[in-house]
Structures are given as C-alpha cells and as structure tokens.
Amino acid sequence: MSDLTARFRKLWDEIAPIGRDAGSGGYLRYALTEPELLLRGWFRDQAEQRGMPIIEDGNGNLFAWWGDPDAGDAVLTGSHFDSVPHGGAYDGPLGIVSAFLAVDELRESGVTPARPLAVGAFVEEEGARFGVPCLGSRLLTGALPAERAAVLRDADGVSFAEALGHAPAGARPELWGRFRSFVELHVEQGRALADTVAPVAVASAIWPHGRWRFDFRGEGNHAGTTRMADRRDPMLTYAFTVLAANKEARLRGAYATVGRVSVEPNATNAIPSRVTGWLDARAAEPEILTGLVEAVHDKAVERARRDGTAVTLTEESATPLVAFDGGLADRLAALLDAPVLPTGAGHDAGVLAGHLPTAMLFVRNPTGVSHSPAESATDADCAAGVAALARVLAELTC
Ligand code: HGY
Ligand code: MN
Ligand code: MN
C-alpha cells in the first residue's frame with residue numbers, strides 16, 4: 001500500500017463510522033443533524049491541525065483557508081458531508097477528505113501556493129432534509145433567496161433557520177467573489193471509468209435536471225365498504241403516473257425516478273385521500289427534460305379524469321444544463337491525462353459554475369452504484385484522486 005493510500009485510509013477511517021446505519025450500512029447524515037454536526041466538528045479539527053482559519057458564510061457553509069482569506073483570487077476545493085437516506089460513504093465526504101490530504105501533499109512537496117487555497121464544506125447538497133438540493137451553494141450565490149430557504153421545513157417541521165440557529169445570510173458576493181476557481185472532487189456516480197485504466201476523470205457537463213412534486217387528491221373512504229365503482233382513489237392515479245414517467249423517459253433516452261411518496265392517511269384499510277409523489281427527472285438537453293415533465297403531467301391529468309381525482313404539479317427545484325468551463329476542463333484533462341465525462345448527477349460545482357470557472361474530478365467507482373450503501377471506491381483510486389487534486393491545485397494556485 002502506498003504511503004498516500006495509507007494516509008487516505010487513516011483519515012477516512014476517522015469519519016467512516018459517523019452517521020452509519022448498522023442495519024443498512026448506509027449513511028443517515030442529514031444536514032445539521034447530529035452526525036453531520038460531528039462531521040463539521042471533524043472539519044474544524046482538520047482545519048485547526050493545518051493552521052487553516054475557518055470562515056462561515058452565515059448559510060451553513062464552512063471554508064477553511066490556507067493563506068489570507070481577505071486577499072481574494074483564491075482557489076476553492078471541497079464538497080459536502082450530507083447524504084441521502086442510507087446513502088453511500090463517498091458521495092460528498094470524499095471531496096472534503098481528499099481536499100485536506102491534497103493540502104498535506106502540497107505542503108510535503110514544498111509547494112507554497114501563490115494565492116490562497118480554501119477547502120469548503122457545503123450544507124444540504126442532497127436536499128434530503130429540507131427538500132432543495134445544493135441549498136448552501138444556492139444561498140451563497142444568491143440562486144435561492146434567504147427568505148425562501150429560512151422557512152423550508154424537514155419532516156419534523158423544523159425550519160432551516162431553526163436548524164441553522166439563525167436566519168440564513170443569503171447571497172454573499174463579497175465572499176464567493178474571492179474565489180477565482182472551484183474544483184470539486186467527487187466519487188463517480190456511474191461506471192464510465194469502471195472498465196478503463198483511468199482512476200480519475202474530468203467533468204464536462206451536468207445534465208439539466210429537477211424535482212417536481214405531484215399531489216394527487218381523491219376521496220378517503222373505507223376499504224371494505226366502498227364499492228370499486230364508487231371510488232376516487234388517488235393511489236390509482238399515482239401508480240399510473242409512475243408507470244407513465246418510466247415509459248416517457250425511456251422513449252426520450254432520459255431518466256425519471258419516483259423514489260419518494262407520502263400517503264394520507266396511510267392506513268391499510270382506508271382508501272387514501274391524498275398521495276404525493278416526487279419526480280426526479282433528468283435529460284441531456286433542456287428541451288427533452290421539459291418535454292418529459294410535460295408528457296408525464298399530461299398523462300397524470302388524463303388519468304385523473306378517469307379516476308375522479310385531482311392532480312397538481314409543483315416544481316420544487318430545477319437545475320439548467322451546466323457546461324463546465326471548457327478551457328479549464330481541457331487544461332485539467334491534459335494535466336492529468338484523464339478522460340472527460342458528462343454526468344447526470346447534480347453538485348454544488350454545478351451551482352458555482354454559473355459564477356466562476358469551475359471543474360470537477362471524478363474518482364472511479366467500480367460498480368457505478370451511488371445513493372446506496374453499496375457505493376464504493378478503492379483506497380488506491382481514492383489516493384489517485386488525492387494526487388490528482390493536489391496536482392490540479394498546485395497548477396491553479398501557482
Ligand atoms: O441528486 C444528485 O444528483 C446529487 O447526488 N445530489
Ligand atoms: Mn448525491
Ligand atoms: Mn454529491
């Protein structure tokens with residue numbers, strides 16, 4: 001095992017147990033809950049050990065600084081700690097652990113950056129607690145108003161402002177304006193690298209994608225005394241809509257997922273009065289995505305007429321096509337002799353890409369599985385990711 005691989009494993013083992021569910025082996029690291037707060041504490045310790053002062057942006061994002069935080073022209077790297085329910089170990093934390101190790105690599109090789117270098121930890125990237133993905137980076141850049149974020153509530157009714165302990169600060173142009181570029185290292189969510197010799201790739205783009213809430217309303221009633229012909233059952237309309245989403249996505253070469261549903265009253269012997277399903281839709285082109293969501297909505301409305309139910313559609317978040325800075329991507333791909341890949345996964349880098357030159361590095365995932373306890377990456381590939389990130393940061397801070 002190489003020295004860097006051993007150092008990766010040592011640091012990785014410090015956070016691996018935090019928020020891990022013994023039953024599933026997946027992670028329950030929801031933003032600003034105890035496991036994620038422990039990880040933020042770990043982040044502070046790592047920064048302190050490296051003499052890196054921390055700046056908080058008032059939105060829940062943390063930035064550890066090597067160099068003068070006020071000097072500007074800084075290079076930012078980092079990612080997020082939070083996970084989807086029972087998510088994998090690598091999605092997010094790999095980018096933060098790798099960032100601290102890359103700082104160590106630079107220092108050990110005697111590199112003193114000519115400009116400041118910051119390691120960031122963005123809050124609520126997955127949107128698993130408050131429903132809006134990339135909440136922290138959207139707040140920082142002003143893509144989401146602080147007033148809207150403040151009142152987002154989790155399943156227990158706790159608002160983002162209450163979880164944060166104060167109203168979010170909102171847009172901080174004077175802070176993100178200090179960054180000249182952002183490089184996020186992330187485990188690959190797909191298997192494009194799995195059958196290649198490349199442990200690391202550079203991102204070219206993020207597909208347009210978003211989340212839409214479908215509310216189906218019908219008439220709650222008794223399961224045993226309501227004739228089938230008399231029912232207005234929203235579960236039927238919901239089920240049909242899920243099948244329609246799958247078919248319409250396949251017809252378009254797009255992706256549609258309904259992975260989250262809530263039912264009222266959610267009783268075995270009661271016809272539901274309301275069913276809510278969340279559609280995650282993604283496509284290579286904006287027009288395809290729009291067409292997909294419209295087609296699914298049309299099918300839902302048509303079916304609702306047959307079922308005597310009502311359906312309403314609400315867009316909860318939308319991310320346009322992100323084309324990463326082509327010059328930067330080509331430069332990093334040449335530096336690392338790495339392939340360039342698009343992705344269907346959203347990232348904070350996708351938000352910052354609208355404001356400063358941004359790049360992503362993907363670390364090989366042997367199975368491609370993500371948002372699952374089965375997500376994996378080998379220590380050797382993770383060490384290769386650290387080495388690649390260190391080279392990139394040395395290049396960008398010289
Ligand atoms: O959902 C996504 O694409 C990302 O993993 N948050
Ligand atoms: Mn994710
Ligand atoms: Mn992620």
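Q: In which element does Arg-211 lie?
A: Helices and strands are DSSP runs numbered from the N terminus, a helix being H or I over at least four residues and a strand E over at least two. Arg-211 lies in strand 7, residues 209-217. The model is predicted: local features need pLDDT of at least 70 and side-chain atom pairs count only at pLDDT 80 or more, while totals for chains, interfaces and linings use all residues. Residues are numbered from 1 along each chain as its sequence is written, chains are lettered from A and ligands numbered from 1 in the order in which they are written, and side-chain values use heavy atoms, with hydrogens and water left out.

Q: Is Arg-211 buried, partly exposed or exposed?
A: Buried means under 20% relative accessible area, exposed means over 50%, and partly exposed is in between (1.4 Å probe, protein chains only). Arg-211 has a relative accessible area of 22%, so the residue is partly exposed.

Q: Which residues share the UniProt annotation that covers Arg-211, and how are they spread in space?
A: UniProt positions are given in the numbering used here, feature names are shortened, and annotations may be inferred rather than shown by experiment. The UniProt annotation "binding site" (unreviewed entry) covers Arg-211, Asn-269 and Arg-282. These residues are spread over 72 residues of sequence and also in space, with up to 36.0 Å between C-alpha atoms.

Q: Which protein atoms hold the manganese ion that is ligand 3?
A: Look for donors, which are N, O and S atoms within 2.8 Å of the metal (3.2 Å for Na, K and Ca); water is not among the atoms, so sites may look incomplete. For ligand 3 the protein donors are His-80 (NE2), Asp-91 (OD) and His-186 (NE2), at 2.1 to 2.2 Å from the ion. Their spacing in sequence is H-x10-D-x94-H. Distant parts of the chain are linked by the pair His-80, in strand 3, and His-186, in strand 5 (residues 179-187), which are 106 residues apart. Both His-80 and His-186 are buried.

Q: What does UniProt list for His-80, Asp-91 and His-186?
A: UniProt lists them under "binding site" (unreviewed entry). They span 107 residues in sequence, but no two of their C-alpha atoms are more than 9.6 Å apart, so they gather at one spot.

Q: Which protein donors does the other manganese ion, ligand 2, have?
A: The protein donors of ligand 2 are Asp-91 (OD), Glu-126 (OE), Glu-126 (OE) and His-371 (NE2), and they lie 2.0 to 2.8 Å from the ion. Along the chain the spacing is D-x34-E-x244-H. The pair Glu-126 and His-371 links distant parts of the chain, 245 residues apart: Glu-126 is in the loop between strand 4 (117-122) and helix 4 (135-141), and His-371 is in the loop between strand 15 (358-363) and helix 12 (379-396). Glu-126 counts as buried because its relative accessibility is 7%, whereas His-371, at 39%, is partly exposed.

Q: What does Asp-91 bridge, and where does this residue lie?
A: Asp-91 bridges the manganese ions ligand 2 and ligand 3, which lie 3.5 Å apart. Asp-91 sits in the loop between strand 3 (74-80) and helix 3 (93-108). With 5% relative accessibility, Asp-91 counts as buried.

Q: At which residues around ligand 2 does UniProt place a "binding site"?
A: The unreviewed entry places that feature at Asp-91, Glu-126 and His-371. These residues span 281 residues in sequence, yet no two of their C-alpha atoms are more than 9.8 Å apart, so they gather at one spot.

Q: Which residues surround ligand 1?
A: A residue is near a molecule if one of its heavy atoms lies within 4 Å of it. Ligand 1 is surrounded by Asp-91, Glu-125, Glu-126, Gln-189, Arg-282, Ala-345, Gly-346 and His-371. For classes, Ala, Val, Leu, Ile, Met, Phe, Trp, Tyr, Cys and Pro count as nonpolar, Asp, Glu, Lys and Arg as charged, and the others, Gly among them, as polar. The shell has one nonpolar, three polar and four charged residues.

Q: How far is an oxygen atom of ligand 1 from an N or O atom in the side chain of Arg-282?
A: The distance is 2.6 Å for Arg-282. The protein covers 94% of the 220 Å² of accessible area that ligand 1 has on its own (Shrake-Rupley method, 1.4 Å probe; for residues, only the protein chains shown count as cover).

Conventions
Polar contact = N/O pair within 3.5 Å; in protein donor to acceptor, adjacent residues only side chain to side chain.
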